[in-house]
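Here is a short set of exercises to work through with the coordinates open beside you. Try each task yourself, then compare your steps with the worked solution.

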Amino acid sequence: MRAVQSQQETSDELRKPRSNAATGASAAGARAIGTQFITFYFRAPAKAFFRTRVDYMAYARAINPRVQAGQPWSWKTSTPGLLAHAVKTQGWSFIPNQILPPMLANVTVGAVLYTSYLQMLGLLHDPSSKAARRVYPPPDPRHTLAAGFAAGTLQSVIAAPLDALQVRFKTNEMLEGRYKNMWHYGLSRMKSIGPPGIFAGWSLSLFKDSLGFAIFFSTFEYVKAQCYYGFVTRWYGRKYAQAPPGPEADADVNGRPDIRPHYLMEPAFLLLAGVSASIAQQTIQHPISRIQEVHFQRLESLDYQAQLKNRKRNMFRLYYSAYERTFAQCRLQAMRVGGWRQWLYKDLLWSTIRQVPSTSAGLIVFEIVRRKYADASETVIIEKDGFDILLT
């Protein structure tokens, strides 16, 4: 089997960086919006491509009497209901002051992730750098693993301040008027904790993001491309080995029948790729998140101790001992429930179920936008046993 690219020389132009940036921003925006739609179905804050770095509805829930009273879920406690109550009580300035800052932060992190992934993949795999609607031959898993690892690493660096703000956020401080809005909270908190506080516990985030997104993108690309190409080749190979081509085939100038796969095949594999990528990512990131939650509980005390110790040598010992205590506490909790595996993968199924729908929808948007900036005239032709399979 071999592939023939039937296109003009213009299709060999490199993908423009602004196209990658637009794709990354669109995918990140779709994640943020898609999360809210999925929230209606699951009646809980749902995850999307990755854990939302900053919860932009935390303050809206804190000032809602129905949420504080623990009333059952209703449309009034959904995202639109919470926003409507917040705007009614605090005015329209609530949205730019309390909602917009964390939402912009989340979208920015997502844009950095997907843009850096596309750029890195283009450097590692030359066909991926072309302005092609369909990459053929598809990137090897080692390329997507390396690109995903690099993108996850860069995203982890950019997201470190957001993680630091999120884990230290207390709604009572906002309710008491200590901070005027989210803009004021972010600037004041960053100034108070400084670089040591921002990167406290960052090594866990780095390990989780880099490895998790390496698996995430590699699984997505493999199912979307290699599995799809292999399926259509075997499917039509067996089908037309037993019977001559039917209505799906058109004869070309050489008399060889051209087969165009059913239009639902590729979207089905795209959806399957999103589901598979989400599940694979969760198996990596969920257990690390469990350890991270325990470690983040120590950040307040670490901030206080860091202010008392100015010497770098003492700071290193402080953070190293914090990791040791975190490990000891995790081991104790694991022994109580029957072992590390039971503790690390607790609630994995429910967490994955919440993440899959919005992840799949967001990845479809990601792929559509990526193809929008590609050369639409390009066609991949796979020659197979006397006929051609056309992938447009």
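**Exercise 1. A residue and its distant partner**

In which helix is the place of L175? Then decide how exposed L175 is, and check its separation from I63.

*Solution.* Keep in mind throughout that this is a predicted model.
- Step 1: L175 belongs to helix α8, which covers residues 171-175.
- Step 2: The relative accessible area of L175 is 47%, so this leucine is partly exposed; the exposed class would need over 50%.
- Step 3: Along the chain, L175 and I63 are 112 residues apart, yet their C-alpha atoms are separated by 7.9 Å.

**Exercise 2. The span and bend of a helix**

Compare the expected span of helix α5 with the distance between its end C-alpha atoms, then find where α5 bends.

*Solution.*
- Step 1: Helix α5 runs over residues 94-124, which gives 31 residues.
- Step 2: With 1.5 Å a residue, a span of 45 Å is expected, and the end C-alpha atoms are 45 Å apart, so the two values agree.
- Step 3: At L100 the helix α5 bends by about 45°. A proline, P101, follows within four residues.

**Exercise 3. Classify a ring pair**

The structure holds 14 aromatic pairs. Why is the pair of F213 and F217 called tilted?

*Solution.*
- Step 1: Two quantities describe a pair of aromatic rings: the distance of the centres and the angle of the planes.
- Step 2: For F213 and F217 the centres are 6.3 Å apart and the planes meet at 35°, so this pair is tilted. The stacked class needs an angle under 30 degrees, and edge-to-face needs one over 60.
- Step 3: Both F213 and F217 sit in helix α10 (residues 202-242), four residues apart, or about one turn of the helix.
- Step 4: An α-helix has 3.6 residues a turn, so residues three or four places apart point the same way.
- Step 5: F213 has 0% relative accessibility and therefore counts as buried; F217, also at 0%, is buried too.

As an extra, locate the aromatic cluster formed by Y136, Y228, Y229, F231, W235 and F269.

**Exercise 4. Two salt bridges**

The count of salt bridges comes to two. Which residue forms a salt bridge with D140, and which side chain meets K224?

*Solution.*
- Step 1: D140 pairs with R142, and their closest N and O atoms are 3.2 Å apart.
- Step 2: D140 is partly exposed because its relative accessibility is 30%, while R142, at 56%, counts as exposed.
- Step 3: K224 meets E221 at 3.0 Å, N to O. Both residues lie in helix α10, three residues apart, and both are buried.

**Exercise 5. A nonpolar patch**

Which residues make the nonpolar surface patch of about 310 Å²?

*Solution.*
- Step 1: The patch is made by L154, V157, I158 and F199.
- Step 2: Take L154 as a test case: this residue is in helix α7 (residues 141-168).
- Step 3: With a relative accessible area of 39%, L154 is partly exposed.

**Exercise 6. Backbone checks**

Which peptide bond is cis, with omega near 0°, and where is D347 found?

*Solution.*
- Step 1: Most residues other than glycine have a negative phi, and most peptide bonds are trans.
- Step 2: The bond from Y136 to P137 is cis, and P137 lies in the loop between α6 (126-129) and α7.
- Step 3: D347 is in the loop between α14 (340-344) and α15 (348-372). Although not a glycine, D347 has a positive phi of about 65°.

Conventions:
Residues numbered from 1 in each chain as written. Predicted model: local features only at pLDDT ≥ 70, side-chain atom pairs only at ≥ 80, totals over all residues. Heavy atoms only, no water. Phe/Tyr/Trp six-rings, centres within 6.5 Å; stacked < 30°, edge-to-face > 60°. Helix = DSSP H or I, 4+ residues; strand = E, 2+ residues; numbered from the N terminus. Buried < 20%, exposed > 50% of the residue type's maximum accessible area, 1.4 Å probe, protein only. Patch = residues over 30% accessible without salt bridge, like charges linked within 9 Å, V, L, I, M, F, W, Y side chains within 5 Å. Areas by Shrake-Rupley, 256 points an atom, 1.4 Å probe, with all protein chains shown as cover. Salt bridge = Lys/Arg side-chain N within 4 Å of Asp/Glu carboxyl O. Expected span 1.5 Å × (residues − 1). Bend = angle between axes of the 7 residues up to and from the residue.
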